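Grab a coffee and work through these exercises on how two parts of one chain meet. Have a go at each task before reading its solution.

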Amino acid sequence: MCPDSFSLPVPEHIRSLKPYVPGKPIEALEREYGIRDSIKLASNENPLGPSPLGVAALQAALNGLHRYPDDGGHHLTAALADRWSVDPAAIVLGNGSDEILTLLARAFLRPGDTAVIPRPSFLMYELVVRWAGAECVFVPLKEMTIDPAALLTAIDDRCRLVFLCNPNNPTGTVITREAFETFLQKIPPGVVVVLDEAYGEFVCDPDSPNGVDYIHGDRPVVVLRTFSKAFGLAGLRIGYGLMPPEVAAVLHQVRPPFNVGIPAQVAATAALGDTAFLEKTRQLTRTGLDDLARAMDRLGLRWFPTEANFFLIDVGMSADAVYDWLLAKGVIVRAMTAYGYPNYIRVSIGLPEENMRLIRALEQILPKG
Ligand SMILES: *Cc1c(COP(=O)(O)O)cnc(C)c1O
């Protein structure tokens, strides 16, 4: 906090903001607790590490770092256009998909506007809306799932953006294609639909909509994808949006130049072609989800079915307390208190031995019975 004596001219909508609280880094835990061999199952990262092809491409690019990156991200955009069978003009690259969220808010929101946000969902939606001085209208989930019909009822004539996260973070649930299509038909003109598919690569449910199918419809749909999760490149900060070229043109008007660096561009391009790594990641996730679900059943803990690489566990007591106990055992998870679930933790799927560490730690700290 700054001393009051500065009389900083902080607007009210900024003054009241609380910074985003990320998952605790392993290094921070080990520094603070003086322990070693900790594991992190808190931020839905890829436990296999980064895509090997991505790393090799990045290393080969290091001697070119004295140059500014290609502002248009030509090679990555072309590779993505090919991957999704869309025009390159339909793609916007971001410093993480988080940056695309900020561009959307910057481009489409002004003070007095509203954005409709499911709750609980990804906490960044609220932040970007409030950074823009606009207001959030929150809509509760129905049976742990985003309810597109309920989102519609919250859209008024001040609404400019509506967010859907599919699969939803933190519940892992998906909406149906039918519900999404009905929702789209009823979206009033002047409202942009943001469909966040950060976990799209993990989805198995054939009834879940595939966002790219909708970017050429008669409603503006922006699909967000990231290299941070399935491709293992969270540390590089690279994500992208697929959208009608008219929407992309507006985002380019508010995009900082050179927002995606050379390492991120080359590593993401190579990672996109690393199908063996992606398949291995999907396999590991599926097996890990099954193993953890079985272990939770054995421990008598309630858990929720998920289409992502994480899941919610009802620990039946203070999630903050369980979080602290797990930390002391070198296991970082996420307490869901800030998401409105004071008794739930969210756990990312790790390597088999990491999942076992979590189970053993839970066995030790949870009351028997
Ligand atoms: C992790 C995550 C993102 C984004 O990540 P970037 O690292 O900024 O690409 C976006 N949306 C959801 C729901 C996420 O969980």
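**Exercise 1.** Work out how many residues of domain 1 and of domain 2 are in contact.

*Solution.* Keep in mind that this is a predicted model.
- Start with the bounds: the assignment gives domain 1 as 12-49 + 276-365, and domain 2 as 61-272.
- Next, look for heavy atoms within 4.5 Å across the boundary. On the domain 1 side 31 residues are in contact, and they meet 31 residues of domain 2.
- For scale, the C-alpha centres of domain 1 and domain 2 are 25 Å apart.

**Exercise 2.** Find the area buried between domain 1 and domain 2, and say which three residues of domain 1 supply the most.

*Solution.*
- The area buried between the two domains comes to about 2,500 Å².
- Split that by atom type, and carbon and sulfur atoms give 66%.
- Now go residue by residue on domain 1: Tyr20, Glu307 and Tyr339 supply 28% of what domain 1 buries against domain 2, more than any other three residues.

**Exercise 3.** Count the salt bridges and the residue pairs in polar contact between domain 1 and domain 2.

*Solution.*
- Salt bridges first: the count between the domains is zero.
- Polar contacts next: eight residue pairs turn up, both partners at pLDDT 80 or more.

**Exercise 4.** Which element supplies the largest share of the side of domain 1 that touches domain 2?

*Solution.*
- List the elements with at least two residues there: α1 (12-15), α11 (275-299), β10 (310-314) and β13 (344-348).
- The largest share, six residues, belongs to α11.
- To finish, sort that side of domain 1 by residue type: 15 nonpolar, ten polar and six charged.

Notes
Residues are numbered from 1 along each chain as its sequence is written. This is a predicted model: local features need pLDDT of at least 70, side-chain atom pairs count only at pLDDT 80 or more; totals for chains, interfaces and linings use all residues. Side-chain values use heavy atoms; hydrogens and water are left out. Domain bounds come from an automatic or database domain assignment. Buried area is the accessible area (1.4 Å probe) that two parts lose on being put together, summed over both. A salt bridge is a side-chain nitrogen of Lys or Arg within 4 Å of a carboxyl oxygen of Asp or Glu. A polar contact is a pair of N or O atoms within 3.5 Å; within protein, one must be able to donate a hydrogen and the other to accept it, and residues adjacent in sequence count only if both atoms are side-chain atoms. Helices (H or I, at least four residues) and strands (E, at least two) are DSSP runs, numbered from the N terminus. Ala, Val, Leu, Ile, Met, Phe, Trp, Tyr, Cys and Pro count as nonpolar, Asp, Glu, Lys and Arg as charged, and the others, Gly among them, as polar.
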